[in-house]
Amino acid sequence: MSVPSSPGRLVVHLEGNLITTLEMTQPVLGIGRTPDNGLSLPHPMVSRHHAELRLGPEGPVLTDIGSTHGTRVGNDQLLPHQPRPLSHGDVV
């Protein structure tokens with residue numbers, strides 16, 4: 001996933017292929033393997049409820065919500081339940 005300059009759009013790639021582009025219409029986007037997430041990613045490395053993306057006053061903030069395999073932004077492993085601001089071009 002990468003975050004373009006507009007914090008309201010999320011572009012999802014998997015293995016170099018464009019999967020989807022989402023406009024952020026809600027202040028919180030749930031990310032996980034099950035269809036009850038705003039962004040469902042049916043992949044074995046994705047937990048049922050993996051992470052959430054919030055639009056805050058400073059821009060998008062990603063939080064791993066206790067996933068089994070963890071979440072990375074670039075080379076940084078996120079600590080569970082520790083919000084991390086995202087910047088244009090960040091790869092998750």
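Here are some short exercises on this predicted model, each with a worked solution.

Residues are numbered from 1 along each chain as its sequence is written, and side-chain values use heavy atoms, with hydrogens and water left out. As the model is predicted, local features need pLDDT of at least 70 and side-chain atom pairs count only at pLDDT 80 or more, while totals for chains, interfaces and linings use all residues.

**Exercise 1. The overall build**

Task: Work out how many helices and strands the protein has, and what its radius of gyration is.

Solution:
- Start with the elements, which are DSSP runs numbered from the N terminus (helices are H or I with at least four residues, strands are E with at least two). The protein has zero helices and nine strands, so there's no surprise in the pattern β-β-β-β-β-β-β-β-β along the sequence.
- Next, take the radius of gyration, which is computed over C-alpha atoms; the globule rule is 2.2 Å times the number of residues to the power 0.38. For 92 residues a compact globule would come out near 12 Å, and the protein agrees, with 12 Å.
- The C-alpha trace spans about 30 × 30 × 25 Å along its principal axes.
- Finally, look at the surface, using accessible areas from the Shrake-Rupley method with a 1.4 Å probe, where for residues only the protein chains shown count as cover. About 5700 Å² is exposed, and carbon and sulfur atoms supply 54% of that.

**Exercise 2. The five-stranded sheet**

Task: Find the order of the strands in the open sheet, and say which strands stand at its edges.

Solution:
- First, the pairing rule: two strands pair if DSSP finds at least two bridges between them.
- Now read off the order, which is β4-β3-β5-β6-β9, with mixed pairing. The edges belong to β4 (39–40) and β9 (84–85); each has a single partner strand, so one side of each lacks a neighbour in the sheet.
- Walk inwards from β4. Strand β3 (residues 28–32) runs parallel to β4, joined by two bridges, and I31 sits opposite L39.
- On to β5: β3 and β5 pair antiparallel over four bridges, and here I31 stands opposite A51.
- Then β5 and β6 run antiparallel with six bridges. E52 faces T63 in this pair, and a hairpin links the two strands through two residues.

**Exercise 3. A hairpin and two positive phi angles**

Task: Describe how β1 pairs with β2, then say where E15 and H81 lie and whether they are buried or exposed.

Solution:
- Strand β1 (residues 9–14) and strand β2 (residues 17–23) run antiparallel, joined by six bridges. Within the pair, V11 stands opposite T21.
- The hairpin has two residues between its strands, and E15 takes a positive phi near 50° there. E15 is not a glycine.
- To judge exposure, use these cut-offs: buried is under 20% relative accessible area, exposed is over 50%, and partly exposed is in between (1.4 Å probe, protein chains only). E15 has 72% relative accessibility, so it counts as exposed.
- H81 also isn't a glycine, yet has a positive phi of about 65°. Its place is the loop between β8 (76–77) and β9, and at 51% relative accessible area H81 is exposed.

**Exercise 4. The core around L53**

Task: Find how many residues the largest nonpolar core has, and what L53 is in contact with.

Solution:
- A nonpolar core is a set of buried Ala, Val, Leu, Ile, Met, Phe, Trp, Tyr and Cys residues joined through side-chain atoms within 4.5 Å. The largest one has 14 residues, and L10, L29, I31, L39, L41, L53 and L62 have the most contacts inside it.
- The elements giving it two or more residues are β1, β3 and β5 (51–56).
- For L53, contact means heavy atoms within 4.5 Å. Leaving aside neighbours within four places in sequence, its partners include L10, M24, I31 and L86.
- Now check M24, in the loop between β2 and β3. M24 is buried at 13% relative accessibility, and its C-alpha lies 9.4 Å from that of L53, 29 residues apart along the chain.

**Exercise 5. A buried serine**

Task: Work out which groups the side chain of S67 reaches.

Solution:
- S67 lies in the loop between β6 (59–64) and β7 (72–73), and is buried at 12% relative accessible area.
- A polar contact is a pair of N or O atoms within 3.5 Å; within protein, one must be able to donate a hydrogen and the other to accept it, and residues adjacent in sequence count only if both atoms are side-chain atoms. The S67 side chain makes one with the side chain of H50 (3.3 Å), and also reaches the backbone nitrogen of G70 at 3.0 Å.
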